[in-house]
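This report examines how the strands and helices of one protein chain are arranged. Please keep the sequence and the structure in view while reading.

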Amino acid sequence: MSLFGKVEAEIEIKASAYKFYEVNSKRVAEAPKFCPNFIQSVDLVEGEWGQEGCIVCWYFIFDGKAVMSKEVMEAIDDKNHSVTFKVIGGILMELYKSFKFVVQATPKGEGSLVRWTLEYEKLNVDDPESNTMLEFAIGVTKDIDAHLTHE
């Protein structure tokens, strides 16, 4: 077994690639409105909303518990509708040495295809893969899509 891992998932949504990307880049502060079943609040710690290098704290329900994840918006790619978040504190740093979320939305028909890629380094070889966090990301995607299609 390796300490390094990567899990991926793709999900088709009805919302446009740009609208979904915008929620994950320029409209991060509104995340609790888009997916209240998952995200309780988002605080800007440093920088400006939607700018590379800004630091945000996400407060969310994970595995039945209220938790926090402190993250840097490491890369924002307007052309490819992609955002990379690097975790720097909170619950995931208790479980992993490093953790990144990459979310990309690609136009597909009248909607889009959202790809989540989670890259991480486990603290211990025997620690589980990050499938639970991937399922969380899929749930968030579905909630955002439902909100965007009724916006």
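The following paragraphs describe the sheet, its pairings and the helices that lie across it.

The model is predicted. How are the strands of the sheet ordered? The sheet is open and has 7 strands in the order 1-7-6-5-4-3-2, with antiparallel pairing. Strand 1 (4-13) and strand 2 (39-46) stand at the edges with a single partner strand each, so one side of each has no neighbour in the sheet. From one strand to the next, the twist averages 25°. As a general principle, the strands of a sheet pair through backbone hydrogen bonds, in either a parallel or an antiparallel sense.

Three of the pairings are set out below.

| Strands | Sense | Bridges |
|---|---|---|
| Strand 3 (residues 55-62) and strand 4 (residues 65-77) | antiparallel | 8 bridges |
| Strand 4 and strand 5 (residues 82-90) | antiparallel | 8 bridges |
| Strand 1 and strand 7 | antiparallel | 10 bridges |

Individual residues illustrate these pairings. Cys57 stands opposite Lys70 in strand 4. Between strand 4 and strand 5, Glu71 has Val87 as its bridge partner, and Met73 stands opposite Phe85 in strand 5. At the edge strand, Lys6 stands opposite Glu119 in strand 7.

Two hairpins connect neighbouring strands in this region. The hairpin of strand 3 and strand 4 has 2 residues between the strands, and Asp63 takes a positive phi near 60° there. In the hairpin of strand 4 and strand 5, 4 residues lie between the strands, and His81 has a positive phi near 50°.

Strand 1 also shows how side chains are distributed over the faces of a sheet. In a regular strand, side chains alternate between the two faces of the sheet. Which residues of strand 1 are buried, and which are not? Gly5, Val7, Ala9, Ile11 and Ile13 point to one face and are buried. Phe4, Lys6, Glu8, Glu10 and Glu12 point to the other face and are not buried.

Helices also lie across strands of this model. Helix 1 (residues 17-25) lies across strand 1, strand 4, strand 5, strand 6 (96-108) and strand 7 (111-122), and it runs at about 155° to strand 6. Helix 4 (residues 131-149) lies across strand 1, strand 3, strand 6 and strand 7, and its direction is at about 20° to strand 1.

Key:
Residues numbered from 1 in each chain as written. Predicted model: local features only at pLDDT ≥ 70, side-chain atom pairs only at ≥ 80, totals over all residues. Heavy atoms only, no water. Pairing = 2+ DSSP bridges. Axes fitted to C-alpha atoms, helices over the stretch in contact; angles between N-to-C directions. Contact = heavy atoms within 4.5 Å. Buried < 20%, exposed > 50% of the residue type's maximum accessible area, 1.4 Å probe, protein only.
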